[in-house]
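Dear colleague,

Below I am handing over a structure for you to look through. Once you have it open, please read on, as the notes that follow go through what was found in it.

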Amino acid sequence: MKKKYKLLLIILILFSYYQLFYKRYFIYNDDKSKVFTIWKKTGHHFYLIPGKYYSPFLPKKNYIYAKNQGFNVVFNSNDSSYYNLGIYYKEKSIDLNSDIKVFKRTDSLLKHNGILKSISFNGRKNYIKNKDSLKNVLEYKYIDTKRIYGIKIIDY
């Protein structure tokens with residue numbers, strides 16, 4: 001009987017560790033040639049790490065650390081970068097040593113990739129191309145990490 005309780009306790013501890021500290025999400029582009037890892041931590045904190053990251057230890061370099069936000073990614077950008085990220089990084093830490101470009105706002109990301117022409121004083125956005133056809137022009141995704149459990153990926 002004691003063996004069953006010990007086994008149940010070990011399973012519960014491992015499950016809790018996995019849910020609270022080790023939960024990873026791999027975000028791929030459409031042809032699965034590019035990938036990055038989102039490692040969600042407790043309290044809506046997350047690490048964004050280029051490539052697949054499996055280590056149980058926190059990354060020491062080549063990562064973005066942020067809290068409670070969504071962000072945008074463009075995989076097939078108009079430049080030679082691996083991919084571009086649009087993050088409003090109020091609370092963040094960036095240590096990237098790769099060819100990933102990080103833009104402070106989504107609007108800057110869209111302007112850089114030739115989708116957004118300008119923003120008027122009243123906040124109206126003037127698009128060069130039809131914003132509904134973003135998917136036809138760019139491989140553009142919005143990733144919402146502000147969820148209690150998991151993440152949500154919206155393809156445009």
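At 18% relative accessibility, N62 counts as buried, where buried means under 20% relative accessible area, exposed means over 50%, and partly exposed covers what lies in between, with a 1.4 Å probe and protein chains only. N62 sits in the loop between strand 3 and strand 4 (63-67), and its phi is positive, about 60°, although N62 is not a glycine.

Before going further, please keep in mind that this is a predicted model, in which local features need pLDDT of at least 70 and side-chain atom pairs count only at pLDDT 80 or more, while totals for chains, interfaces and linings use all residues. Residues are numbered from 1 along each chain as its sequence is written, and side-chain values use heavy atoms, with hydrogens and water left out.

A second residue to look at beside N62 is K32, which is not a glycine either and has a positive phi near 60°. K32 lies in the loop between strand 1 (24-28) and strand 2 (35-40), and with a relative accessible area of 58% it is exposed.

Now the overall picture. The protein has 3 helices and 12 strands; these are DSSP runs, numbered from the N terminus, with helices being H or I of at least four residues and strands being E of at least two. Of its 156 residues, 37% count as buried. The accessible surface of the protein comes to about 9,900 Å², and 57% of that belongs to carbon and sulfur atoms, the areas coming from the Shrake-Rupley method with a 1.4 Å probe, where for residues only the protein chains shown count as cover. Among contacts between residues at least 6 apart in sequence, 42% join residues at least 24 apart, a contact being heavy atoms within 4.5 Å.

Next comes the sheet. Strands of a sheet pair through backbone hydrogen bonds, either parallel or antiparallel. Here an open sheet of 5 strands has the order 8-6-5-11-12, with mixed pairing, and two strands are taken to pair if DSSP finds at least two bridges between them. Strand 8 (101-103) and strand 12 (152-155) stand at the edges, and because each has a single partner strand, one side of each is left without a neighbour in the sheet.

Strand 6 is worth following in some detail. Strand 5 (residues 70-74) and strand 6 (residues 84-87) run antiparallel and are joined by 4 bridges; V74 stands opposite N84, and V73 stands opposite L85. Strand 6 and strand 8, by contrast, run parallel and are joined by 3 bridges, with K101 in strand 8 as the bridge partner of N84. Which residues cover the two faces of strand 6? N84 and G86 on one side, and L85 and I87 on the other, are all buried, and both faces of the strand are covered.

At one edge of the sheet you will find D155, which belongs to strand 12 and is partly exposed, with a relative accessible area of 46%. Leaving aside neighbours within four places in sequence, D155 is in contact with Y140 and K141; the C-alpha atoms of D155 and K141, which are 14 residues apart along the chain, are separated by 4.7 Å.

Two further residues bring together parts of the chain that are apart in sequence. Is F46, in strand 3 (residues 45-50), buried or exposed? F46 counts as buried, at 1% relative accessibility, and, neighbours within four places in sequence aside, its contacts include W39, Y65, F71 and T145. The C-alpha atoms of F46 and N68 are separated by 8.0 Å, although the two residues are 22 apart along the chain.

D95, in strand 7 (residues 92-95), is partly exposed, with a relative accessible area of 29%. Not counting residues up to four places away in sequence, D95 touches K60, K61, N62 and Y63, which brings us back to the loop residue at the start of these notes. D95 and P59 are 36 residues apart in sequence and 9.8 Å apart in space, C-alpha to C-alpha.

With best wishes
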